[in-house]
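Here is a short tour of a protein chain for you to follow with the viewer open. We start inside the fold and work outward to the charged pairs.

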Amino acid sequence: MVKNMNFNDEKDYIMRIIKEMVRVLFSLMLGKQYQSVELPEENKYEVSGKALEELKNMVNEGFINEAENILLESIDYTQKREVLAAILFYQYIGEQDIGFLEEHNYSKEEALDGIRRLAEKQGYGQISSLLIKESV
């Protein structure tokens, strides 16, 4: 790990890990090379009938923890599209400004941890651990 990493570098580093984990998990779960999910395609994702867009709107309004609670309480881990929606949810949180996240009692580290937990529940825990270790 780089010893002279400043606060902003560390947060950018976490975002890079989040993006790499999203790329790898999407590729593994869909069985094909990951392509960035475009907005019209992203709008098709939902968790137990709640559109990903609704959860993202809650994030925008500052209800990050509440949106995460709804997601985690309703997700069906046997439904690949729901897990992919949850991964996109955490990526969206990770893309938010650090100040905004702190103001609403959330962090990029929590978003990374959310993706890591999803990976573990899908049987990809070793891969997520490897990605995090490789990035350090």
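## Ile87 and the nonpolar core

Leaving aside residues up to four places away in sequence, Ile87 touches Val22, Leu25, Phe26, Met29, Ile115 and Leu118. Please keep in mind that these contacts come from a predicted model. Ile87 is also one of the residues that touch the most other members of the largest nonpolar core, along with Ile18, Val59, Phe89, Tyr90 and Ile93. That core has 38 residues in total. The elements giving two or more residues to the core are helix H1 (7-30), helix H3 (52-60), helix H4 (64-74), helix H5 (80-94), helix H6 (98-103) and H7.

Why might such residues gather? In soluble globular proteins, nonpolar side chains tend to be buried together.

## The chain as a whole

Stepping back, the chain has 8 helices and 2 strands. Read from the N terminus, the order of its elements is α-α-β-β-α-α-α-α-α-α. How many of the chain's residues count as buried? Of its 136 residues, the buried share is 44%.

The accessible surface adds up to about 7,600 Å², and carbon and sulfur atoms own 47% of this surface. If you take the contacts between residues at least 6 apart in sequence, 66% of them join residues at least 24 apart.

## Helix H7, one face inward

Let's look along H7 next. This helix holds 14 residues and spans 20 Å from its first C-alpha to its last, close to the 20 Å expected at 1.5 Å a residue. Its buried residues are Lys108, Ala111, Leu112, Gly114, Ile115, Leu118 and Ala119. Viewed down the axis of H7, these buried residues fall within an arc of 155°, so they line one face of the helix. Two of the residues on this list, Ile115 and Leu118, are also among the contacts of Ile87.

Just after H7 comes Gly123, with a positive phi of about 85°.

## Charged pairs on H7

How many salt bridges does the model contain? The count comes to 6. Arg116 takes part in a salt bridge with Asp113, where the closest N and O atoms are 2.3 Å apart. Both residues lie in helix H7 (residues 108-121), 3 residues apart, or about one turn of the helix. Arg116 forms a salt bridge with Glu120 as well, with 2.5 Å between the closest N and O atoms. Arg116 and Glu120 are 4 residues apart in H7, which again separates them by about one helical turn. The spacing fits a simple rule: an α-helix has 3.6 residues a turn, so residues three or four places apart point the same way.

Are these three residues buried or partly exposed? Arg116 counts as partly exposed because its relative accessibility is 23%. Asp113 is partly exposed at 27%, and Glu120 is partly exposed at 39%. The pairs belong to a network of salt bridges that links Glu68, Asp113, Arg116, Arg117 and Glu120.

## Helix H4 and its cover

Glu68 of that network is listed with Ile64, Ala67 and Leu71 as the buried residues of H4. They cover an arc of only 100° around the axis, which puts them on the same side of H4. What covers these buried residues? The cover includes strand E1 (46-47), H3, H5, H6 and H7.

Ile70 also lies in helix H4, but this residue is partly exposed, with a relative accessible area of 30%. Not counting residues up to four places away in sequence, Ile70 touches Lys50, Leu55 and Met58. From C-alpha to C-alpha, Ile70 and Leu55 are 8.3 Å apart in space, while 15 residues separate them in sequence.

## Lys50, a neighbor of Ile70

Lys50, one of the contacts of Ile70, also has a charged partner. Lys50 forms a salt bridge with Glu54, and the closest N and O atoms of this pair are 3.1 Å apart. With a relative accessibility of 25%, Lys50 counts as partly exposed. Glu54 counts as partly exposed too, at 39%.

Key:
Residues numbered from 1 in each chain as written. Predicted model: local features only at pLDDT ≥ 70, side-chain atom pairs only at ≥ 80, totals over all residues. Heavy atoms only, no water. Salt bridge = Lys/Arg side-chain N within 4 Å of Asp/Glu carboxyl O. Buried < 20%, exposed > 50% of the residue type's maximum accessible area, 1.4 Å probe, protein only. Core = buried A, V, L, I, M, F, W, Y, C linked by side-chain atoms within 4.5 Å. Contact = heavy atoms within 4.5 Å. Expected span 1.5 Å × (residues − 1). Arc of directions from axis to C-beta. Areas by Shrake-Rupley, 256 points an atom, 1.4 Å probe, with all protein chains shown as cover.
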